[in-house]
Amino acid sequence: MTPNNVEILDIFLENKLPSTFRYFSRRTVDCIRNHLITIVGTINSIPIAYGHIDKDDTDTYWLGVCIIDGYQSNGYGTAIVNYLIEHVSINIIHLTVDKINTNAISLYKKLGFLVVDEYDTYYKMRLDKAYHVQTASINR
Ligand SMILES: CC(C)(COP(=O)(O)OP(=O)(O)OC[C@H]1O[C@@H](n2cnc3c(N)ncnc32)[C@H](O)[C@@H]1OP(=O)(O)O)[C@@H](O)C(=O)NCCC(=O)NCCS
(Lines give C-alpha, C1' and ligand atoms only; values in the text may rest on other atoms or scores of the structure.)
Protein backbone atom coordinates (compact mmCIF):
# COMPACT_ATOMS: atom_id res chain seq x y z
CA MET A 1 0.00 0.00 0.00
CA THR A 2 1.28 3.47 -0.85
CA PRO A 3 -0.02 6.90 0.18
CA ASN A 4 -1.81 6.91 -3.22
CA ASN A 5 -4.33 4.22 -2.34
CA VAL A 6 -5.10 4.92 1.30
CA GLU A 7 -8.86 4.81 0.63
CA ILE A 8 -8.94 1.08 1.38
CA LEU A 9 -7.36 1.79 4.76
CA ASP A 10 -9.92 4.54 5.42
CA ILE A 11 -12.65 1.97 4.80
CA PHE A 12 -10.97 -0.56 7.12
CA LEU A 13 -10.74 2.09 9.85
CA GLU A 14 -14.49 2.74 9.65
CA ASN A 15 -14.88 -0.60 11.45
CA LYS A 16 -15.11 -0.69 15.23
CA LEU A 17 -11.60 -1.95 15.91
CA PRO A 18 -10.92 -4.46 18.72
CA SER A 19 -9.84 -2.84 21.99
CA THR A 20 -6.56 -4.80 21.92
CA PHE A 21 -5.48 -2.89 18.77
CA ARG A 22 -4.91 0.75 19.70
CA TYR A 23 -2.42 1.87 17.04
CA PHE A 24 -4.87 4.14 15.26
CA SER A 25 -6.43 5.55 18.42
CA ARG A 26 -3.79 8.29 18.32
CA ARG A 27 -2.80 8.32 14.64
CA THR A 28 -4.29 9.18 11.27
CA VAL A 29 -3.77 7.28 8.01
CA ASP A 30 -0.91 9.66 7.19
CA CYS A 31 1.27 7.60 9.53
CA ILE A 32 1.69 5.02 6.78
CA ARG A 33 4.21 7.36 5.15
CA ASN A 34 6.58 6.22 7.91
CA HIS A 35 5.86 2.50 7.47
CA LEU A 36 8.19 0.07 5.77
CA ILE A 37 5.14 -1.84 4.68
CA THR A 38 1.37 -1.54 5.13
CA ILE A 39 -1.08 -4.22 4.11
CA VAL A 40 -4.87 -4.39 4.06
CA GLY A 41 -6.40 -7.82 3.47
CA THR A 42 -9.77 -7.99 1.72
CA ILE A 43 -12.46 -10.60 1.27
CA ASN A 44 -14.77 -9.91 -1.66
CA SER A 45 -13.26 -6.41 -1.75
CA ILE A 46 -14.22 -5.82 1.91
CA PRO A 47 -11.17 -4.86 4.01
CA ILE A 48 -11.12 -7.12 7.08
CA ALA A 49 -7.41 -7.35 7.95
CA TYR A 50 -4.59 -4.87 8.51
CA GLY A 51 -0.88 -5.08 9.21
CA HIS A 52 2.20 -2.88 9.18
CA ILE A 53 5.84 -2.60 10.17
CA ASP A 54 7.14 0.82 11.15
CA LYS A 55 10.34 2.23 12.59
CA ASP A 56 10.66 4.40 15.69
CA ASP A 57 13.20 7.12 16.54
CA THR A 58 15.61 4.52 17.89
CA ASP A 59 15.61 2.51 14.65
CA THR A 60 13.53 -0.24 16.24
CA TYR A 61 11.03 -1.92 13.91
CA TRP A 62 7.53 -2.63 15.22
CA LEU A 63 4.80 -4.86 13.85
CA GLY A 64 1.07 -4.28 14.19
CA VAL A 65 -1.79 -6.51 13.07
CA CYS A 66 -5.57 -6.45 13.37
CA ILE A 67 -8.35 -8.68 12.08
CA ILE A 68 -11.81 -7.22 12.60
CA ASP A 69 -14.29 -8.97 14.87
CA GLY A 70 -16.17 -11.77 13.14
CA TYR A 71 -13.23 -12.71 10.92
CA GLN A 72 -10.77 -13.83 13.61
CA SER A 73 -9.52 -17.39 14.18
CA ASN A 74 -9.62 -18.21 10.45
CA GLY A 75 -5.89 -18.03 9.76
CA TYR A 76 -5.97 -14.43 8.46
CA GLY A 77 -3.78 -13.10 11.29
CA THR A 78 -1.18 -15.77 10.59
CA ALA A 79 -1.28 -14.91 6.87
CA ILE A 80 -0.88 -11.17 7.47
CA VAL A 81 2.01 -11.52 9.94
CA ASN A 82 3.78 -14.02 7.68
CA TYR A 83 3.37 -11.66 4.73
CA LEU A 84 4.85 -8.75 6.67
CA ILE A 85 7.80 -10.79 7.94
CA GLU A 86 8.59 -12.16 4.50
CA HIS A 87 8.33 -8.84 2.66
CA VAL A 88 10.81 -6.78 4.67
CA SER A 89 14.57 -7.16 4.54
CA ILE A 90 15.15 -6.38 8.22
CA ASN A 91 15.82 -9.28 10.59
CA ILE A 92 14.76 -7.94 14.00
CA ILE A 93 11.07 -7.10 14.53
CA HIS A 94 9.40 -6.12 17.81
CA LEU A 95 5.81 -5.85 18.99
CA THR A 96 3.87 -5.31 22.19
CA VAL A 97 0.88 -7.41 23.15
CA ASP A 98 -1.55 -7.28 26.07
CA LYS A 99 -1.05 -10.17 28.50
CA ILE A 100 -4.75 -11.00 28.24
CA ASN A 101 -4.50 -11.34 24.44
CA THR A 102 -3.69 -15.04 24.53
CA ASN A 103 -4.67 -15.71 20.89
CA ALA A 104 -2.26 -13.06 19.68
CA ILE A 105 0.53 -14.36 21.95
CA SER A 106 -0.02 -17.88 20.57
CA LEU A 107 0.16 -16.56 17.03
CA TYR A 108 3.37 -14.62 17.63
CA LYS A 109 5.05 -17.55 19.41
CA LYS A 110 4.02 -19.85 16.57
CA LEU A 111 5.82 -17.56 14.13
CA GLY A 112 9.01 -17.30 16.19
CA PHE A 113 8.54 -14.24 18.40
CA LEU A 114 9.90 -14.53 21.94
CA VAL A 115 8.95 -12.53 25.03
CA VAL A 116 11.89 -10.23 25.80
CA ASP A 117 10.32 -7.87 28.39
CA GLU A 118 7.38 -8.07 30.74
CA TYR A 119 5.41 -5.06 32.00
CA ASP A 120 2.30 -4.78 34.19
CA THR A 121 -0.26 -5.39 31.46
CA TYR A 122 1.73 -6.29 28.36
CA TYR A 123 4.72 -8.12 26.94
CA LYS A 124 7.35 -6.92 24.53
CA MET A 125 8.15 -9.64 21.98
CA ARG A 126 10.94 -9.93 19.45
CA LEU A 127 11.59 -11.94 16.31
CA ASP A 128 15.10 -12.50 15.03
CA LYS A 129 14.57 -13.86 11.52
CA ALA A 130 18.24 -14.83 11.29
CA TYR A 131 17.92 -16.99 14.40
CA HIS A 132 14.65 -18.71 13.59
CA VAL A 133 14.41 -22.06 11.86
CA GLN A 134 11.39 -22.28 9.57
CA THR A 135 9.75 -25.68 9.25
CA ALA A 136 8.28 -27.04 6.04
CA SER A 137 6.53 -30.32 5.40
CA ILE A 138 8.44 -32.24 2.72
CA ASN A 139 6.19 -35.30 2.59
CA ARG A 140 5.89 -36.77 -0.90
C1 LIG B 1 -4.63 -11.54 17.32
C2 LIG B 1 -5.07 -11.73 15.89
C3 LIG B 1 -4.20 -10.84 14.97
C4 LIG B 1 -4.90 -13.18 15.49
O5 LIG B 1 -5.35 -13.34 14.17
P6 LIG B 1 -6.41 -14.49 13.84
O7 LIG B 1 -6.69 -14.45 12.40
O8 LIG B 1 -7.55 -14.35 14.76
O9 LIG B 1 -5.57 -15.79 14.25
P10 LIG B 1 -5.28 -17.08 13.38
O11 LIG B 1 -6.57 -17.68 12.95
O12 LIG B 1 -4.29 -16.76 12.33
O13 LIG B 1 -4.65 -18.03 14.49
C14 LIG B 1 -3.32 -17.80 14.90
C15 LIG B 1 -3.07 -18.53 16.18
O16 LIG B 1 -3.73 -17.86 17.23
C17 LIG B 1 -4.27 -18.81 18.13
N18 LIG B 1 -5.73 -18.70 18.07
C19 LIG B 1 -6.45 -17.98 17.19
N20 LIG B 1 -7.76 -18.09 17.48
C21 LIG B 1 -7.85 -18.91 18.57
C22 LIG B 1 -8.92 -19.39 19.35
N23 LIG B 1 -10.19 -19.05 19.08
N24 LIG B 1 -8.64 -20.18 20.40
C25 LIG B 1 -7.37 -20.51 20.70
N26 LIG B 1 -6.29 -20.07 19.99
C27 LIG B 1 -6.53 -19.28 18.94
C28 LIG B 1 -3.76 -20.16 17.69
O29 LIG B 1 -2.50 -20.38 18.27
C30 LIG B 1 -3.61 -19.94 16.22
O31 LIG B 1 -2.69 -20.80 15.63
P32 LIG B 1 -3.19 -22.27 15.12
O33 LIG B 1 -4.44 -22.05 14.36
O34 LIG B 1 -2.05 -22.75 14.29
O35 LIG B 1 -3.42 -23.05 16.38
C36 LIG B 1 -6.58 -11.35 15.71
O37 LIG B 1 -7.35 -12.19 16.53
C38 LIG B 1 -6.87 -9.91 16.02
O39 LIG B 1 -6.70 -9.06 15.18
N40 LIG B 1 -7.33 -9.61 17.25
C41 LIG B 1 -7.77 -8.28 17.59
C42 LIG B 1 -6.69 -7.21 17.42
C43 LIG B 1 -5.42 -7.61 18.13
O44 LIG B 1 -5.46 -8.04 19.26
N45 LIG B 1 -4.29 -7.42 17.43
C46 LIG B 1 -3.00 -7.76 17.99
C47 LIG B 1 -2.53 -6.69 18.89
S48 LIG B 1 -0.95 -7.12 19.60
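A residue counts as near a molecule when its C-beta atom, placed from the backbone, lies within 6 Å of it. In this predicted model, 21 residues surround the ligand. Thr20, Gln72, Gly77, Thr78 and Ser106 are the closest. Four elements give two or more residues each to this shell: strand S3 (61-67), helix H2 (76-86), strand S4 (92-98) and helix H3 (102-110). H3 supplies the largest share, with 5 residues. By residue type, the shell holds 10 nonpolar, 10 polar and 1 charged.

Now step back to the whole chain. The protein chain has 3 helices and 6 strands. Read from the N terminus, their order is α-β-β-β-α-β-α-β-β. The C-alpha trace spans about 45 × 40 × 30 Å along its principal axes. The radius of gyration is 15 Å. A compact globule of 140 residues would have a value near 14 Å, so the two agree. Buried residues make up 21% of the 140 residues. Contacts also reach along the sequence: among those between residues at least 6 apart, 51% join residues at least 24 apart.

Helix H2 is a good place to start on the interior. Which of its residues are buried? They are Gly77, Ile80, Val81, Leu84 and Ile85. These five cover an arc of only 130° around the axis, so they sit on the same side of H2. The spacing fits a general rule. An α-helix has 3.6 residues a turn, so residues three or four places apart point the same way. Several elements cover the buried residues of H2, including strand S1 (35-43), strand S2 (46-55), S3, S4, H3 and S6. Gly77 has two roles here: it is one of the buried residues of H2, and it is among the residues closest to the ligand.

Next come strands S2 and S3. S3 is largely enclosed by the rest of the structure, because 5 of its 7 residues are buried. S3 also gives two or more residues to the shell around the ligand. S2 and S3 run antiparallel and are joined by 7 bridges. In one of the pairings, tyrosine 50 has cysteine 66 in S3 as its bridge partner. The two strands form a hairpin with 5 residues between them.

The turn of that hairpin holds a backbone feature to check. Most residues other than glycine have a negative phi. Aspartate 59, in the loop between S2 and S3, has a positive phi near 65°. What is its setting, buried or exposed? Aspartate 59 counts as exposed, because it has 8 C-beta neighbours inside 10 Å and the cut-off for exposed is 12 or fewer. Serine 45 also has a positive phi, near 70°. Serine 45 lies in the loop between S1 and S2. With 7 other C-beta atoms within 10 Å, serine 45 is exposed.

Strand S6 (122-128) brings in the last part of the chain. In a regular strand the side chains alternate between the two faces of the sheet. S6 shows this alternation along its length. Tyr123, Met125 and Leu127 point to one face and are buried. Tyr122, Lys124, Arg126 and Asp128 point to the other face and are not buried.

S6 has two pairing partners to follow. S4 pairs with S6 in the antiparallel sense over 7 bridges. S5 (114-118) pairs with S6 in the antiparallel sense over 4 bridges. Methionine 125 is a useful marker for both. Leucine 95 stands opposite methionine 125, and valine 115 stands opposite methionine 125 as well. Methionine 125 itself belongs to the buried face of S6.

A hairpin joins S5 to S6 through 3 residues. Aspartate 120 lies in the loop between these strands. Why is aspartate 120 classed as exposed? It has 5 other C-beta atoms within 10 Å, and 12 or fewer is the limit for exposed. Aspartate 120 and lysine 99 are 21 residues apart in sequence, yet their C-alpha atoms are 8.5 Å apart in space.

Terms used:
Residues are numbered from 1 along each chain as its sequence is written. This is a predicted model: local features need pLDDT of at least 70, side-chain atom pairs count only at pLDDT 80 or more; totals for chains, interfaces and linings use all residues. Ala, Val, Leu, Ile, Met, Phe, Trp, Tyr, Cys and Pro count as nonpolar, Asp, Glu, Lys and Arg as charged, and the others, Gly among them, as polar. A residue is buried if 20 or more other C-beta atoms lie within 10 Å of its own, exposed if 12 or fewer, and partly exposed in between; C-beta atoms are placed from the backbone. The arc is that of the directions from the helix axis to the C-beta atoms. Two residues are in contact if their C-beta atoms, placed from the backbone, lie within 7 Å. Two strands pair if DSSP finds at least two bridges between them. The radius of gyration is taken over C-alpha atoms; the globule rule is 2.2 Å times the number of residues to the power 0.38.
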